Amino acid sequence: MLSPLVVDAPFEWHYIRSIIRVSLYVSLTAVVLSTLFSLPIALVLGFTEFRGKTLLTSLINTGMGFPSVVVGLIVLFALSNDGPLGSWDLVFTPEAMIISQFVLAAPVITGVSLAAVGGVEQNVRDAAYAMGGTTVDVALVTIKEARYGIATAVLAGFGRAISEVGSVLIVGGNIAGSDGTSVTRTLTTAIQLEARQGRFETAMLLGAILVVLVLLVNAIVVRLGNGGGRYR
Amino acid sequence: MTLEAIDVHHGYGNETVFDGVSLSVPPGEIVAIIGPSGVGKSTLLRLLALFDAPDQGSIAYDSEDVWELPDQRRLEHRRRIGMVFQEASLFDASVRRNVEYGLRVRQSWPDRIRHELSRLIGTANGTHSAIDAIETVGLGDRIDQDATSLSGGEAQRVAFARALAYEPDVLLLDEPTSDLDPRNTAEIEAAIREAKQRDIGVAIATHDMHQAKRIADSVAVLLETDIIEVGETEAIFETPTDDRTRKFIQGELIY
């Protein structure tokens, strides 16, 4: 016999599927962009000495704990008609949510990657250089050696992105279209809405899906991190 | 091809490390650099390996002042030089991957990508010179082992094979056996002699006088900020011309 949850709640699957699609599109895009942005910064910060490095590192670490609603507010101001990026016309679009999640995830990915990259010994980088490696080769060796830490950084960034409510609610608006599919509604904002409207079964299901997604992405990233290293 | 340091002056901040050091590493010759700890043996090898430019003076390869050359040409020269450090510093990968590294970075990017793809689908073959280098250090049976699982001595032998695999003209060895047991030391020394047979010029920094006597053709004595004496090994150990050399070799406190 099926569980009461499934029997009692005739879920609108196309609605739920569209929410999952928007959530994954927004968070995965934001994390990929954040990683591409953050890794070079972590490498440069890890291996060069310059004035203001300590300050910059402190700023990144502060950014790791930045409240998401504040980020949402700043991004909303930037994208609003009067804001500096008003001409992009992005308010209440998935792309606006990507921007705000990018801002949230980038410090996490940079900070954790920086710690991982800093853990790669100078000796190992010297060895790569001594064998004829160029600066790019040495950077690649460093990324490879720090792969577990970098995988952790990406996971932490993804976790921060997909699980936050505040900024996507502000810049995305939690909108569903007239056909009942999500435009800017993510798993988190949908859970928040469904729970508030008393549809606890739907909220619970969405919550379960969110947890499963996070687990899946974790498994994939950890697998990639391992696979990158155990080569023959 | 001879690698040379010519009248090198170098320092860190206000500290002078070298005040006019000259040293030549000709093909097929083993040059031991001896001197007390902290005198700058590693710094000299790093300058020869083109990690940094000397403050003054020049590093010459094939009679060309390397730091006067365009980047690409300097990289080509740098790739004729191999270096082994006191610590093995292996990559977290298999022995084969470690030893092939020098060969990989010398490939063009399309070739590298092609190689990585064929490795992923399991059709990549080992490179002959890499396998040869691994066998030279006596680790032919460990080729597919994870490098991080090797003992200290075996790891250092892999580090040596790594430098040998791309067939350099010059090998720079920075105290390569100081942490090793006699057996692994003997393996490394055999590989150094093998390198000499292949006409590779070898510079080895060591504080082990017996090792210098065993393997070196010539010895350079680095003391304070200069090479105070350089000559054939036997001459340096039997009839040193500088009194400080005699004292250093006899283990007297002169610094």
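Let me start with two helices of chain B, H6(B) and H7(B), which pack at an angle of about 10°, with their axes 9 Å apart. Since angles under 35 degrees count as roughly parallel, that makes H6(B) roughly parallel to H7(B). I should say at once that we are looking at a predicted model, and please keep that in mind throughout.

Where the two helices meet, B:Gly153, B:Gln156, B:Arg157, B:Phe160 and B:Leu164 come from H6(B), and they face B:Asn184, B:Glu187, B:Ile188, B:Ala191 and B:Ala195 of H7(B). Sorted by class, this contact has five nonpolar, three polar and two charged residues.

Now to the sheet. Six strands of chain B form an open sheet, and reading across it the order is S6-S7-S8-S3-S9-S10, with mixed pairing. The edges are taken by S6 and by strand S10, residues 226-232, and each of these has a single partner strand, so one side of each is left without a neighbour in the sheet. On average, and with direction ignored, neighbouring strands are turned by 15° against each other. Our helix H6(B) comes back here, because it packs on this sheet, touching S6 and S7 of chain B, and its direction makes about 175° with that of S6(B).

Let me stay for a moment with S7(B), which covers residues 170-174. How many of its residues are buried? The strand is mostly covered, and the count is five of its five residues. In a regular strand the side chains alternate between the two faces of the sheet. In S7(B) both faces are covered, with B:Val170, B:Leu172 and B:Asp174 buried on one side and B:Leu171 and B:Leu173 buried on the other.

As for its partners, four bridges join S7(B) to strand S6 of chain B, residues 81-84, and these two run parallel; within that pairing, B:Val84 stands opposite B:Leu173. Towards S8(B), residues 201-206, there are five bridges, and again the strands run parallel, with B:Val170 standing opposite B:Gly201. To get from S7(B) to S8(B), the chain crosses through H7(B), residues 182-197, and this β-α-β crossover is right-handed.

Two residues in loops deserve a closer look, and neither is a glycine. B:Leu50 has a positive phi of about 65°, and it is found in the loop between helix H1 (41-48) and strand S4 (56-61) of chain B. Is B:Leu50 buried or exposed? With 21 other C-beta atoms within 10 Å, B:Leu50 is buried, because 20 or more is what that word requires here. B:Glu167 has a positive phi of about 50° and sits in the loop between H6 and S7 of chain B. Its count is 16 other C-beta atoms within 10 Å, so B:Glu167 is partly exposed.

Finally, the contact between the chains, where 24 residues of chain B are in contact with 17 residues of chain A. Which elements of chain B give two or more residues to this side? They are helix H2 (71-78), helix H3 (95-105) and, once more, helix H6 (152-165). H3(B) gives the most, with five residues. By class, the side of chain B that touches chain A has eleven nonpolar, three polar and ten charged residues. H6(B) therefore appears in three parts of this talk: beside H7(B), on the sheet, and at the contact with chain A.

Technical notes: Residues numbered from 1 in each chain as written. Chains lettered and ligands numbered in written order. Predicted model: local features only at pLDDT ≥ 70, side-chain atom pairs only at ≥ 80, totals over all residues. Contact = placed C-beta atoms within 7 Å. Nonpolar A, V, L, I, M, F, W, Y, C, P; charged D, E, K, R; others polar. Buried ≥ 20, exposed ≤ 12 C-beta atoms within 10 Å, placed from the backbone. Pairing = 2+ DSSP bridges. Right-handed = clockwise from strand over helix to strand, strands pointing away. Axes fitted to C-alpha atoms, helices over the stretch in contact; angles between N-to-C directions. Parallel < 35°, antiparallel > 145°, perpendicular 65-115°, else oblique.
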